[in-house]
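Please open the model in your viewer and keep the sequence panel visible beside it. The tour below proceeds by selection: each stop names what to choose and then states what is found there.

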Amino acid sequence: MRLSTTLFVLCFLCLSVGETHAQYKNADKIISHVRDHGNGWAFTIPGWLIRTGVKLASMDMDKDEKDMIRQLSKSIKKLRIVVTEDKPTDFGLDNAALIYTLNNEEYEPLIKIRDEAENINLWAKIDGDDLIKNIFVSIDSDEEMVLLKLKTDLSLDELTQMDFFQEYKKRELSPLAKNN
């Protein structure tokens with residue numbers, strides 16, 4: 001009887017630990033966890049709705065801005081966002097679970113901004129063909145937490161060929177050209 005009780009407790013502990021790590025299997029699970037255990041709201045916007053919104057919003061823009069926004073929005077498949085004022089207590093003060101999960105999913109950290117009260121991080125999941133598959137942004141402050149996942153099919157080659165990127169390169173190079 002004592003052996004069966006001990007085995008039962010050990011099995012329960014193993015399953016509990018496995019379940020704790022399973023809730024952070026991927027970025028979507030983290031967003032769901034924050035949504036379910038925080039005091040906030042979450043939503044998902046499909047790519048077609050984003051493109052429709054971009055068309056409507058760009059009506060008042062000049063042609064260059066309109067083209068830039070439309071070029072970028074073509075590659076968006078889905079946007080998922082959660083905003084909460086109360087970060088779940090089991091989420092960890094240093095967001096270790098978030099960082100661990102994104103590293104396991106092979107996201108590359110691209111931008112880290114640290115301020116006294118805010119931490120902003122941007123990660124991208126880039127496959128072997130230089131295709132940006134996902135962009136994940138976390139904004140963590142004393143007052144709120146925002147997690148955003150953008151599912152895309154944006155080629156790095158396409159990105160560098162887009163008009164706005166070419167314009168940016170011209171602006172970056174123009175002071176150098178003036179100095180020479």
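Begin by selecting K87, which counts as partly exposed because its relative accessibility is 25%. The model in view is a predicted one. K87 is found in the loop between β2 (76-84) and α5 (96-104). Now add V34 to the selection. K87 and V34 are 53 residues apart in sequence, while their C-alpha atoms are 6.9 Å apart in space.

**The whole chain**

Next, select the whole protein chain and colour it by secondary structure. The chain has 7 helices and 6 strands. Followed along the sequence, these elements appear in the pattern α-α-β-α-α-β-α-β-β-β-β-α-α.

Switch to a surface display. The accessible surface of the protein chain is about 12300 Å², and 57% of it belongs to carbon and sulfur atoms. Of the 180 residues in the chain, 28% count as buried. Contacts across the sequence may also be considered: among those between residues at least 6 apart in sequence, 56% join residues at least 24 apart.

**Two helices side by side**

Return to a ribbon display and select residues 47-57, helix α3, together with residues 63-73, helix α4. At what angle do these two helices pack? The angle is about 180°, and the axes are 10 Å apart. Since angles over 145 degrees count as roughly antiparallel, α3 is roughly antiparallel to α4.

Show the side chains where the helices meet. Helix α3 contributes R51, V54 and K55 to the contact, and helix α4 contributes I69, R70 and S73. Sorted by class, the contact of α3 with α4 has 2 nonpolar, 1 polar and 3 charged residues.

**Aromatic rings**

The next stop concerns ring pairs; the count for this model is 3 aromatic pairs. Select W41 and F43 and view their rings. The ring centres are 5.1 Å apart and the planes are at 5°, so this pair is stacked. The cut-off that applies here is that planes under 30 degrees apart count as stacked. W41 is partly exposed, with a relative accessible area of 45%. F43 is also partly exposed, at 32% relative accessibility.

Now select W123 and F136. Their ring centres are 6.1 Å apart and their planes are at 55°, so the pair is tilted. W123 belongs to strand β4 (residues 118-126) and F136 to strand β5 (residues 131-141), so the pair ties together parts that are 13 residues apart in sequence.

Are these two residues buried or exposed? W123 is buried, with a relative accessible area of 3%, and F136 is buried as well, at 0%. Residues count as buried when the relative accessible area is under 20%. Add Y107 to the selection: Y107, W123 and F136 form one aromatic cluster.

**Along strand β3**

Keep W123 visible and select L110, which lies in strand β3. Which residues does L110 touch, not counting residues up to four places away in sequence? L110 touches L122, W123 and A124. The C-alpha atoms of L110 and W123 are separated by 5.4 Å, although the two residues are 13 residues apart along the chain. L110 is partly exposed, with a relative accessible area of 48%.

Then select R114, which also lies in strand β3. Leaving aside residues up to four places away in sequence, R114 touches N119 and N121. Add D140 for a further distance: R114 and D140 are 26 residues apart in sequence and 9.8 Å apart in space, C-alpha to C-alpha.

**Two loop residues with positive phi**

For the last stop, consider the backbone. Most residues other than glycine have a negative phi. Select E106, in the loop between α5 and β3 (108-114). Phi of E106 is near 65°, a positive value in a residue other than glycine. E106 counts as exposed because its relative accessibility is 62%, and the cut-off for exposed is over 50%.

Finally, select D130, which is placed in the loop between β4 and β5. What is the phi of D130 near? Phi of D130 is near 55°, again a positive value in a residue other than glycine. D130 counts as partly exposed, at 40% relative accessibility.

Terms used
Residues are numbered from 1 along each chain as its sequence is written. This is a predicted model: local features need pLDDT of at least 70, side-chain atom pairs count only at pLDDT 80 or more; totals for chains, interfaces and linings use all residues. Side-chain values use heavy atoms; hydrogens and water are left out. Rings of Phe, Tyr and Trp (its six-membered ring) pair if their centres lie within 6.5 Å; planes under 30 degrees apart count as stacked, over 60 as edge-to-face and the rest as tilted. Buried means under 20% relative accessible area, exposed over 50%, partly exposed in between (1.4 Å probe, protein chains only). Helices (H or I, at least four residues) and strands (E, at least two) are DSSP runs, numbered from the N terminus. Axes are lines fitted to C-alpha atoms, for helices over the stretch in contact, and angles run from 0 to 180 degrees between N-to-C directions. Angles under 35 degrees count as roughly parallel, over 145 as roughly antiparallel, 65 to 115 as roughly perpendicular and the rest as oblique. Contact means heavy atoms within 4.5 Å. Ala, Val, Leu, Ile, Met, Phe, Trp, Tyr, Cys and Pro count as nonpolar, Asp, Glu, Lys and Arg as charged, and the others, Gly among them, as polar. Accessible areas come from the Shrake-Rupley method with a 1.4 Å probe; for residues, only the protein chains shown count as cover.
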